[in-house]
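Reader: Hello! I would enjoy a close look at a single part here, with enough of its surroundings to see where it sits. Could you take me through one strand and its partners?

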Amino acid sequence: MTTAPIVEMRGVSITFPGVKALDEVDFRLLPGEVHALMGENGAGKSTLIKALTGVYAVDAGEILIDGEQRGLHGTADAQTAGISVVYQEVNLCPNLTIGENVMLGHEVRGPFGIRWKATHRRAEQALARLGLHDLDTRVPLASLSLAVQQLVAISRAMITDSTVLILDEPTSSLDATEVEQLFGVIRQLRDRGVAILFVSHFLDQVYEISERITVLRNGRFVGEFLTAELDRTDLIANMIGKELSVLRSIDAVRHQRRADRTDAPVLAASALGRKGAIAPTDFEIHTGEVIGFAGLLGSGRTELARLLCGADKADSGTVVFQGRKAVLNSPAAGLAHRIAYSSENRRDEGVVADLTVRENLVLAVQARRGWMRRLSRREENEIVDTYVTGLGIRPADPEVRVRNLSGGNQQKVLLGRWLATRPDMLILDEPTRGIDVGAKAEIQAAVVALSDGGVAVVYISSEIDEVVRLSDRIVILKDRRKVDEIDVGPDTTTATIVDIIAGAGAA
Amino acid sequence: MRTTETLESTGPVEPTPPPGGSAAEPTGGHPPSINRYLARHRDATSTGAALLIFVAMVIYGQITYGAILQPSTISNLLINNAHLVILAVGLTFVILTGGIDLSVGAVIAFSSVAGMMLAQAGWNPYLVVLIMVLIGSAIGLVSGCLVEFFDMQPFIATLSMMFLARGLASTLSTVPERLDPDSPIKELAHQWKLIDGDKVNDLVVTPGVVIAAIVVTGGLLAVHRTRFGRTVYAVGGSEPSASLMGLPVRRTKILVYVISGTLAAIGGVVYTARLGSAQNITGIGWELDAIAAVVIGGTLLTGGSGSIVGSVIGAFVLGLMNVLITRDGGIRPEMTTIITGGILFVFVLLQRAIKGRRG
Amino acid sequence: MTTDETTDDIVEVPPVREARSTTGGARAVPSRLLRSQHIWAVAAIVGLLCINVVKDPGYLSITYSSNTGAFVGNLVDIARAAAPLIMIATGMCLVIATGGIDLSVGSMMAVAGAVAMEYLSSANAPSSIGAAAAAIGLAVGLCAVLGAVNGILISVVGLQPFITTLVMMLAGRGLAKVITGGQNTTAVNERYRWIANGYVLGLPVVFLASAAIAVAVAFVIRRSALGMMIESIGINAEASRLAGLNRRALLITVYVVSAFLAGIAGIFSTGTVMTVDVSQTGYQFELDAILAVVIGGTSLAGGRFSLAGAAIGALLIATLDKTVVFLGVPASATPAFKAAVIIVLYVAQSRRVRGWAAGLRRSRRKSVRQVVAT
């Protein structure tokens, strides 16, 4: 197809203090096509979307819309340029009626204000064009399922005759039938000439619906491919950054000590699950064992981990910890059982920004002790010295507020907090994200030391080579359920895991 | 169309055939039915509940004390609560966006004291009324700007404006400022006999009541027929969504505070005309009465749901409550504060419980 | 559901060498920010006193009256007036640190006064210490219970703090009226009266008591882990939960403490005249408390707090009140002035103004992105 692209980005860069979110990215969208945008954490997908919708201004490079260079200053501007976006959370107002959600901002007006009959009729027409014929548009949006709400959001986007429709993770909360319905609508729009940017991490769906795939990695443009010509394993390889041949030749670095699996497991979970988050799963871990959770974004790794420590409450299943039934209904309960959890979202769930390094380090230990028995200065200093030096926290001043540390050092402070509680089981969720190479090595070394010392470690990372390097066993998750569990042997490589993920059928 | 209560994904459900397949043009109307009406007007249930409460109180009062359902009582109810109705309408706009305005009572005090002093100084009475109203708008504008531009929480911003306005009123005067009985402003309290009953039992209204009716009508128009009105609901439902939908969120949020201040001042005009004087202690606690009226009427304090009609009913519920308490004579006057507080509290709890179940 | 990308990685701040920050009480190393706030408040107090001295050069004089065993003077009056303010400011500081607010403190004062006066007038034991102690115990006890109600409604039921304490404010004052039957009850008890009017070592008992209580509270808060825990839930409730903190218990505690201290303030207030005025006692005191806390450097958004700052703020307000009266400005105008100060302080603290100031200070650099909250 040699049609001109409707949207083109040339050498676009967007920089934030300390991080280049987009680094000279080239990108193009052709009309009448479904184009998938793929990449792992930190790849730059959401930044690219925000650049196209006018939320971020570009620092370098240019954006061309229909051949003309344009600066986009805000959502209204992007809408006038013909670009609409529907987010995963369906950014509509559930308390307003369906018709209002579709039409508000473009209502039919008369001398006495809004003419509702005409407005609702136009809304019905817009919905009908997407195949939604029997909706009563005077009913509140909240009465609809999320899937249909999403279609309403798309209708709203189409009211303004958008030429570009961006769908950001549209299928995360949909079941199979709803996905098919959505895909039907997408195909209709595509056939009408709309350019559709489909951002998703569900490989199978991407292969089903898209014609073209662009892969981003670490803010850089990796490549644009025709879906039909791109092998799944090649796609994953492009996303996580290793050449296929290099993948196949990486040997897992193994520590020689084998975890003792003849004893009873430290933690045994049976049919542990939570509706909407993770399907009922069995899981076992032994003293000193390192179990890795591998899977792509959205596969349910974090969800399972949070059930194992009490951060979320399970709907089903039981947990037996050190031989006794454990009710893990709060993080405090988890910590009481000496299960520590380091969240992947260190900004919102990890660091207490205005407290000092010292206070952040001792927080969990102090919480366990209770408010009355404050840690003595000596005990605090011990913790501070151990982990500031041991983890290499910089600056090494414990009285600095954590908000002033770089992301990597904040992560180290968090790790120190959990290690200070001397856990029997430690769950690390993306502990090396956003950290420089040197720090990554330090943390991985710390994990090895921990397991040597008898701590059971659950290690979650999007960097599959890390997981392979550190783990004794790997639990592989896909689409919110466990699809496989393997022992890591001398032949296990990243490619092994990638193959399993790519090969496992959709749930 | 599938109806679900929760918005969470519940995993695989039994598949329903996707809506569609009908080739016919969609019709504008749908066969009427009770279910359809209730589904369309979720707000109606809470307004209906408020109406029920009011009717129940009327019945109770009629049975227990008698002389409720008669023209003179109705007249007094209308006349004495006209200002509260106006206040409640203004406050409804603010609460619908999820905010609050604690300054309305103080606005009344300041604007009416200033107005009375100007009137006494001989200023044109029509101009005086205009100035009174504009004072309310100005105070509302400041509140709105504090909330919107400086990220001040609405309650602390309007609490501060409350103290500021009341303090300004106290600076102007601490004694009752009388209104010249010949002043045209007094006309607003002039009683028009609508129905001449026996003896003094007449149905009487004043221009003040008419003004309240106009305000209510205006409020209804604004809420149901303007983009502004729908944006108010949108902001209360989900401000980030409203923003992403391209609606004028910032402007709307400031405007609701201006409306609240303006209507408070208008309520002050009506009240002052009736009373014939204004003082710096006027209106103390009225913000709470207004909030209670709005809450009783079914508007959620968290915003996004509620109705003007409900607030009007709520104002009359409070007014009727006062009547019943006076008739009873056995309930000590100091109990009224507890009762208002208690009612407000019960309704807030109810709102929380219902929200918890829905949510 | 894990998020796609956290903007956490995007808005990284390069490491900045910061001055040592406050961790509290005895071991505190004051941060630059908080220290400068205190100096500002102290300077304001000095400034107000200077204004008074200009009007009357003998303003600051203190004389000792040997027959009453008391120091007498304007400064002494200020100290006595500050006593109840210090109490409610301390309690309010803790509540605000958790991100909440307590609008009911004024009504708590009335409740405490009502209970004490009713008890004493029915006990009719004018010189009994026991009666005084019982009156005080009952009064602050009831306040503590009401504070617990606040705390439970906010932490367990999940109501917003402002509406909860607003209702409690109404209900409390109504309760006070019910307790006294609408009367402004008077009672006689020398011991009770002595608390508010007596002198020890020449200094007013009420001031010494409030100072001692404030110091005790600060001691407990900072010596135990409470201080850090309160700050933690105020800064990041979710992270605190994951670290194992018990948010419910902490919230209930601060509201109980706030009501308790307000009750003590009520004892002080009613003790001076041995009467409770169910409409006026404690009226509008919540504004003073909020102002004192904000002046003292604690942010209304919650997080790090300064009890010393709140106490200094209370002193400033007492000085302001006395100055206003002394200068002949109608006392009814002070609330307006206080409200204006809150607004100005808030605006100055706000991100927008800080952003402007920072922008002015910084030389031309690339502008920082507006991160839209998703």
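Author: Gladly! This is a predicted model, and the two domains of chain A make a good way in. Chain A is divided into domain 1, residues 7-246, and domain 2, residues 267-503. Taken over C-alpha atoms, the centres of domain 1 and domain 2 of chain A are separated by 34 Å.

Let me settle on strand S11 of chain A, which covers residues 212-217. This strand is mostly covered, with five of its six residues buried.

S11(A) has a parallel partner in strand S3 of chain A, residues 34-38, and the pairing runs over four bridges. For a concrete pair to find on your screen, take His35(A): its bridge partner in S11(A) is Arg212(A).

S11(A) also pairs with strand S12 of chain A, residues 220-226, this time in the antiparallel sense and over six bridges. Here a good pair to pick out is Ile213(A), whose bridge partner in S12(A) is Phe225(A). S11(A) and S12(A) form a hairpin with two residues between the strands. In that hairpin, Asn218(A) takes a positive phi near 50 degrees, so you may like to look up its backbone angles as you follow the chain from S11(A) into S12(A).

Stepping back to the whole chain, chain A has 18 helices and 22 strands. The radius of gyration of chain A is 25 Å, close to the 23 Å that the globule rule gives for 507 residues, so the chain is as compact as a globular protein of that length. Along the principal axes, the C-alpha atoms of chain A fill a box of roughly 75 × 55 × 45 Å. Burial can be put at the chain level too: 56% of the 507 residues of chain A count as buried. As for contacts in chain A with a separation of 6 or more, 69% of them come from residues 24 or more positions apart.

To finish, here is a helix from another chain to set beside the strand. Helix H12 of chain C, residues 307-326, has 20 residues, and at 1.5 Å a residue it should span 28 Å; its end C-alpha atoms are 29 Å apart, which agrees. H12(C) is mostly covered as well, with 16 of its 20 residues buried. After H12(C) comes Gly328(C), whose phi is positive, near 85 degrees.

Definitions and conventions
Residues numbered from 1 in each chain as written. Chains lettered and ligands numbered in written order. Predicted model: local features only at pLDDT ≥ 70, side-chain atom pairs only at ≥ 80, totals over all residues. Buried ≥ 20, exposed ≤ 12 C-beta atoms within 10 Å, placed from the backbone. Pairing = 2+ DSSP bridges. Domains from an automatic or database assignment. Expected span 1.5 Å × (residues − 1). Rg over C-alpha atoms; globule rule 2.2 N^0.38 Å. Contact = placed C-beta atoms within 7 Å.
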